[in-house]
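I opened this notebook to record what I looked up in one structure, entry by entry. Each term is explained where I use it.

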Amino acid sequence: MEILSTQNARVKEWAQLLEKKHRDKQEKFIIEGIHLVSEALRSDWDIQYIVYDTEKGIPAELQTDIASYSGGAQYVAVSEAVLAKCTDTRTPQPVFAIVYKRNALLQSIVTAPKGIVIVLDGVQDPGNVGTIIRSADASGAAGVVLGQGCADLYNPKTIRSTMGSLFHLPVLEGNLQEILPAAKEQGAVLLSTSLQAEKSCYTYDFSGGAWIVIGNEGKGISESTAAMVDEHILIPMQGQAESLNAAMASTILLFEAMRQREV
């Protein structure tokens with residue numbers, strides 16, 4: 001299939017996915033660039049279309065992944081103008097894909113033995129959300145939970161910041177007032193950071209697993225979420241900085257948990 005006009009109905013539908021309301025309505029999102037499309041293919045994600053520059057053809061880097069992909073994606077060649085219309089980056093990528101959303105099941109996260117789960121409560125920066133998902137993937141976390149008020153998981157900036165980790169581990173979006181009580185009923189321990197805490201994150205025992213709650217960049221975790229937290233820990237700092245941003249704090253805690261579990 002080849003589409004050259006930006007006025008094509010299918011192209012207009014794809015371009016709409018740059019807006020959250022249309023991503024929610026269509027239950028689909030866009031991933032841009034060779035790396036992200038490759039990660040989706042390798043993960044056997046449900047891909048509707050793989051769209052590429054008609055003059056350059058399907059990138060050679062994707063050929064092996066396409067050959068081993070078991071899904072039923074359709075391949076569409078388009079003009080540079082179409083690529084530019086449907087992508088978020090300043091310099092259009094040579095390929096993008098239209099991918100179906102996949103919200104993780106709570107049970108798939110809480111049943112992980114001694115799992116580490118990162119819970120985001122109102123983290124609004126897409127870069128932070130994406131970086132946290134990437135760190136959770138790299139550290140072997142059981143999953144990530146995004147509460148209401150967080151940056152949209154399927155925002156192009158969020159997706160780019162995950163560097164493909166979105167396709168590697170369970171990510172659950174939902175209401176924390178429903179998710180966290182259900183998790184606690186199944187034995188989850190809720191942990192958050194506090195400058196007033198006495199116990200260091202380096203002496204806390206992560207071996208039994210933990211659900212680590214990270215709050216809004218400026219306000220911290222909400223009162224309703226804080227009421228459910230079981231323990232507070234401190235990330236020790238020696239300099240004059242008052243605090244760390246959400247992504248940095250998450251990464252420190254995730255990798256300390258990984259270090260302890262590898263001993």
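**Entry 1: a buried aspartate.** I began with D121, which has its place in strand β6 (residues 116-121); helices (H or I, at least four residues) and strands (E, at least two) are DSSP runs, numbered from the N terminus. Before going on I noted that this is a predicted model, in which local features need pLDDT of at least 70 and side-chain atom pairs count only at pLDDT 80 or more, while totals for chains, interfaces and linings use all residues. Residues are numbered from 1 along each chain as its sequence is written, and side-chain values use heavy atoms, with hydrogens and water left out.

I looked up whether D121 is buried or exposed, and which partner of opposite charge is nearest. D121 is buried but has no salt bridge, and the nearest side chain of opposite charge, that of K219, is 11 Å away. Here buried means under 20% relative accessible area, exposed means over 50%, and partly exposed lies in between (1.4 Å probe, protein chains only). A salt bridge is a side-chain nitrogen of Lys or Arg within 4 Å of a carboxyl oxygen of Asp or Glu; for charge, Lys and Arg count as positive and Asp and Glu as negative, with His and the chain ends not counted. The side chain of D121 does reach the backbone nitrogen of S222, at 2.9 Å. Leaving out residues up to four places away in sequence, I found that D121 touches several residues, among them C150, L176, I214 and S222, where contact means heavy atoms within 4.5 Å.

**Entry 2: the leucine in the same strand.** L120 also has its place in strand β6, and it counts as buried because its relative accessibility is 0%. Its contacts, again without residues up to four places away in sequence, include V129, I132, C150, L176 and I214. I also looked up L41, which is 79 residues from L120 along the chain, and the C-alpha atoms of the two are separated by 27 Å.

**Entry 3: strand β3 and its neighbours.** Why is strand β3 (residues 47-53) described as largely enclosed by the rest of the structure? I noted that 7 of its 7 residues are buried, so the description follows. Two strands pair if DSSP finds at least two bridges between them. Strand β3 is joined by 5 bridges to strand β5 (residues 95-100), and these strands run antiparallel, whereas the 5 bridges from β3 to strand β4 (residues 74-78) join strands that run parallel. Y49 stands opposite I98 in β5, and its bridge partner in β4 is Q74.

**Entry 4: salt bridges.** How many salt bridges does the structure hold? I noted 9. One of them pairs D88 with R160, with the closest N and O atoms 3.0 Å apart. This pair links distant parts of the chain, since D88 is in the loop between α5 (80-86) and β5 and R160 is in helix α8 (residues 156-162), 72 residues apart. D88 is partly exposed, with a relative accessible area of 34%, and R160 is partly exposed at 30% relative accessibility.

Another salt bridge joins R259 and E256, whose closest N and O atoms are 2.7 Å apart. The two lie 3 residues apart in helix α11 (residues 246-262), so about one helical turn separates them. R259 is partly exposed at 43% relative accessibility, whereas E256 is buried at 5%. I closed with K20, D24 and K101, which are joined into one network by salt bridges that share partners.

Terms used: A polar contact is a pair of N or O atoms within 3.5 Å; within protein, one must be able to donate a hydrogen and the other to accept it, and residues adjacent in sequence count only if both atoms are side-chain atoms.
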